[in-house]
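I opened the notebook to record a few things looked up today. The topics are charged pairs and one helix.

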Amino acid sequence: MRRAGFVLRRLASAVPVLVAVLTLSFVMMQLVPGDPVQMMLSGAGPVPTPEQEQALRARLGLDRPLHEQYFGFLADAVRGDFGRSVQTGEPVVSAISAVAPASAELALFALVLSLVFGVGIAVLGRVATGPVRSLCNGVPVVFMSTPGYWVALLLIEVFSFRLTLFPATGDDGFAALVLPAVTLALPAVGVIAQVLGTSLAAVDAEAYVATARAKGAGRWRVLLRHALRNASIPTITLVGTTVGNLLAAAVIAETVFARPGLGRLTLQAITNHDIPVLQGVVALLGVLYVVVNLLVDLCYVLVDPRVTADRIRD
């Protein structure tokens, strides 16, 4: 019952957050400098006539009062309708659906790489000694401080041009996914390794760890059986922000590696002042971010049931 109540409470608390995300996306578009209708028509050829401006304004619903625009936007967003792209006339949902799988594939692979290597470096940094331990403790800082665009260009130069192991551009198959995923994963590897390493060091000083050692448990057994699970809560929390950071950094990776995706779609929408597409992408990313953090929060129940009890009492 406690777990069911916890899950229901987290689901209920996500609803106002989703409304806030949609509201924020609407407000952000209202704060774009200049008249969006004039910006959209400025690159369409001849100087637009007042009739053309009025027609586009009516098509976008910008001729209505602001509060009507807002509630109309919320109602349409709940139905999954964000209008049509001004540049192509294609429904925004269709435009996003065409590229979202590519971004999801890239972000998921990058997340897997981040978790595997981040956890691996943190664990090795606790059980290794000497230079290996120093290397594991120093590598996360290097990964976090390295610019993503520089990593992308370096990977292309080495693995595409010199070694010809992976293609430099495109999205044809798994090989084309490796370099952009590594570009996205490196900073996340550093963050995860540093946070988990710090947590493992703190847990290592706990009494139950000392008791396990006193009973004759080896270093690996103590780490994997006793310390890692209790030290993983901050890392699980970090996964939610990592997903958001991966999606945000996808703009660089998809642009440098010429991959289709939400990043390139967003960049094109900004360049073309395509407000409906921008609203759709911002709303989608916000909803994804909320959903991922909700799932991460629910994972606490599986890792540490005490978290559920504490939050229910709160």
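Entry 1, salt bridges. I took a salt bridge to be a side-chain nitrogen of Lys or Arg within 4 Å of a carboxyl oxygen of Asp or Glu. I kept in mind that this is a predicted model. I also noted the general background: side chains of opposite charge can pair when their charged atoms come close. How many salt bridges does the rule give? I found a count of 3.

Entry 2, Arg259 and Glu105. I looked up this pair and found a salt bridge, with the closest N and O atoms 3.9 Å apart. Arg259 sits in the loop between H11 and helix H12 (262-272), while Glu105 belongs to helix H5 (residues 92-127), so the pair ties together parts that are 154 residues apart in sequence. Is Arg259 buried or exposed? I read a relative accessibility of 2% for Arg259, so I wrote it down as buried, the cut-off being under 20%. Glu105 has 45% and counts as partly exposed.

Entry 3, Asp76 and Arg79. I found the side chains of Asp76 and Arg79 joined in a salt bridge at 2.3 Å, N to O. Asp76 is partly exposed, at a relative accessible area of 25%. Arg79 is exposed, at 61% relative accessibility.

Entry 4, Arg162 and Glu157. I found a salt bridge between Arg162 and Glu157, and their closest N and O atoms are 3.1 Å apart. Arg162 is exposed at 61% relative accessibility, and Glu157 is partly exposed at 32%.

Entry 5, helix H7. I checked the length of H7, which runs over residues 148-162. Its 15 residues, at 1.5 Å a residue, should span 21 Å, and I found the end C-alpha atoms 20 Å apart, which agrees. Where is the kink in H7 centred? I placed it on Ile156, with a bend of about 25°.

Entry 6, the buried residues of H7. I listed Val151, Ala152, Leu155, Ile156 and Ser160 as buried. Ile156 is thus both in this list and at the centre of the kink. As a general point, an α-helix has 3.6 residues a turn, so residues three or four places apart point the same way. Which helices do the buried residues of H7 pack against? I noted helix H8 (175-203) and helix H11 (233-256).

Entry 7, past the end of H7. I looked just after the helix and found Thr164 with a positive phi of about 50°.

Terms used:
Residues are numbered from 1 along each chain as its sequence is written. This is a predicted model: local features need pLDDT of at least 70, side-chain atom pairs count only at pLDDT 80 or more; totals for chains, interfaces and linings use all residues. Side-chain values use heavy atoms; hydrogens and water are left out. Helices (H or I, at least four residues) and strands (E, at least two) are DSSP runs, numbered from the N terminus. The expected span of a helix is 1.5 Å times one less than its number of residues. The bend at a residue is the angle between axes fitted to the seven residues ending there and the seven starting there. Buried means under 20% relative accessible area, exposed over 50%, partly exposed in between (1.4 Å probe, protein chains only). Contact means heavy atoms within 4.5 Å.
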